[in-house]
Amino acid sequence: MKKTISLILCIIISLTACTAAFAVTSAGRSYYVDSVSGSDEADGSTPETAWKTVSRLSGETFSAGDSIFFKRGCTFNGTFSANGNGTESEPITVSAYGEGANPVFSSADPIPLFMAIGVSNWIFENLELTAPQGIGMMIYGMNGNNVENITVRNCYFHDISPDGEGTNYCAVYLNIDRSGARLHNIHLDSLRIENTSWAIHSSGVNAENDKGIFKGPDEDYNSDYIFENIYIKNARRAGIVVAAVKNCLVRNCRILDCATAQESAFAPLWIRHSKFVTVEYCEIAGSTNRTDGMAIDFDGWTTDSVYRYIYSHDNTRFIKNCVFDNVTYNAGNEVCNCVSVNDNEKMNWSAISLISSSAPSFAAMRNFSFHDNIIVNGSPILWIRTPLAKIENVTFIGSAFSNLLHRFFNLFSFSTGFNYRADGDISELIEEITKDLPEY
């Protein structure tokens, strides 16, 4: 990982140096790149005078309203670095032109294919990215420069370091350095992500890892993320990680066969060090990680967040929440209107107290709400470390023996809000949850 980070920093420094040698473009210009018929000696201003390589673009600083078009049917090698800033009303757009399949960006090197570092107001769309040893798209706040209003939509990421161990080996990597930079207004929409180590991983300053720097969620968390209409399959470590974010909406996402690696604890979609996160209308299935492998995961320092209208099936377990600290107590989290089917390899835990490297704790979750959920052929839930939880209208559907086990373990919840049935038709609820999910 050290080699990867060093190489990324070298690229950034080189691209910054190259920028000074070229004139700043005027606002509203269009640029065209054609890897087959283009020429880096041309002016790049029309499809007939297109440039040839991604490296030719590295010498340009783009302005509000500019557009960079890559020709469909072409393959491009190397790193594209987003230089310059758009405005909220006039973003800089990277897209495709011509007929055929979307342009493909590829590299065998351990580098990011696209970098948006310390820049704002960019749109990336209609692209295909593959990097067997690298990173798909890196959106990064650095040297105190915030990154705002970045949209990535209608892109296909595949074979992005499927065996990479570091959390930066992602289709989309969202992070900051510790210089005071933040990410705001990040929108990921209509993405297809397959065969990766991590699919979407966000991170930032947090209480656990940044003592002496971290002040609080309102001051230090990144903010206002929307991840929607995303199809993820075969992300070995995780599909989506929401970390160090305030105000995040994850909706209409299908996360299949993710968190299958066994060398550590992984889950398909987890929330950590975050506040006001909503995950809704998602399908989460096929996780086989034996340590975690759950659909519902309020990890440490997560508060005021909700999973609702989730269709979880064939995972190691449905729920396992982890409480680390005596400050937030993972307070105010909610699970409602969810369906769990065949999540039964391991016991479910409403909350389990863990000890982190920096915050020894045996805290219990506070103000936890679990209601209007249906669990079919699932493992029992061990209701510990959730005192006075609000548990209402929870239905268990299974065999007589299974329901007997649930009755026993549910005694520890001190709630009467449970129903037990041998069978039941839940197809309408599953249809309601999944009707708008992306398919490939």
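Helices, as the term is used here, are DSSP runs of at least four residues in the H or I state, numbered from the N terminus. In this predicted model, leucine 405 belongs to one such run, helix H4, which comprises residues 400–410. The protein has an average pLDDT of 92, and 92% of the residues reach a score of at least 70. An exception to be kept in mind is the segment of residues 9–26, over which pLDDT remains under 50 and for which the model has 30 contacts beyond four places in sequence.

Helix H4 has a buried set of residues consisting of Ser402, Asn403, His406, Phe409 and Asn410. Seen down the axis of H4, these buried residues fall within an arc of 125°, and they therefore line one face of the helix. The elements against which the buried residues of H4 pack are strand E30 (381–382), strand E32 (394–397) and strand E33 (418–421). On the other side of H4, Ala400, Phe401 and Leu404 are exposed. Phe401 and Leu404, together with Leu405, make a nonpolar surface patch of about 310 Å². Leucine 405 itself has a relative accessible area of 32% and is accordingly classed as partly exposed, because that class lies between the limits of under 20% for buried and over 50% for exposed residues.

A comparable description can be given for helix H5, which spans residues 427–434 and in which Ile430, Ile433 and Thr434 are buried. These three residues cover an arc of only 85° around the axis, so that they are placed on the same side of H5. The cover over the buried residues of H5 includes strand E19 (254–256), strand E21 (275–285), strand E23 (306–313) and strand E26 (339–341).

Glutamate 432, a residue within the range of H5, forms a salt bridge through its side chain with that of lysine 435, at an N to O distance of 3.5 Å. Both partners are partly exposed, glutamate 432 at 32% relative accessibility and lysine 435 with a relative accessible area of 48%. Elsewhere, Glu208, Arg272 and Asp299 are joined into one network by salt bridges that share partners.

In the whole structure, a search finds 19 salt bridges. One of the pairs is formed by glutamate 263 and arginine 236, whose side chains meet at 4.0 Å, N to O. This pair links distant parts of the chain, since glutamate 263 is in the loop between E19 and strand E20 (269–272), whereas arginine 236 is in strand E17 (residues 231–243), and the two are 27 residues apart. Glutamate 263 is partly exposed, with a relative accessible area of 48%, and arginine 236 is likewise partly exposed, with a value of 26%.

A further salt bridge is found between arginine 192 and glutamate 194, in which the closest N and O atoms are 3.1 Å apart. Here the two partners fall into separate accessibility classes: arginine 192, at 24% relative accessibility, counts as partly exposed, whereas glutamate 194, at 16%, counts as buried.

Technical notes
Residues are numbered from 1 along each chain as its sequence is written. This is a predicted model: local features need pLDDT of at least 70, side-chain atom pairs count only at pLDDT 80 or more; totals for chains, interfaces and linings use all residues. Side-chain values use heavy atoms; hydrogens and water are left out. Buried means under 20% relative accessible area, exposed over 50%, partly exposed in between (1.4 Å probe, protein chains only). The arc is that of the directions from the helix axis to the C-beta atoms. Contact means heavy atoms within 4.5 Å. Patches are made of residues with over 30% relative accessible area and no salt bridge: like charges are joined within 9 Å, nonpolar side chains (Val, Leu, Ile, Met, Phe, Trp, Tyr) within 5 Å. Accessible areas come from the Shrake-Rupley method with a 1.4 Å probe; for residues, only the protein chains shown count as cover. pLDDT is the predictor's confidence in each residue, from 0 to 100.
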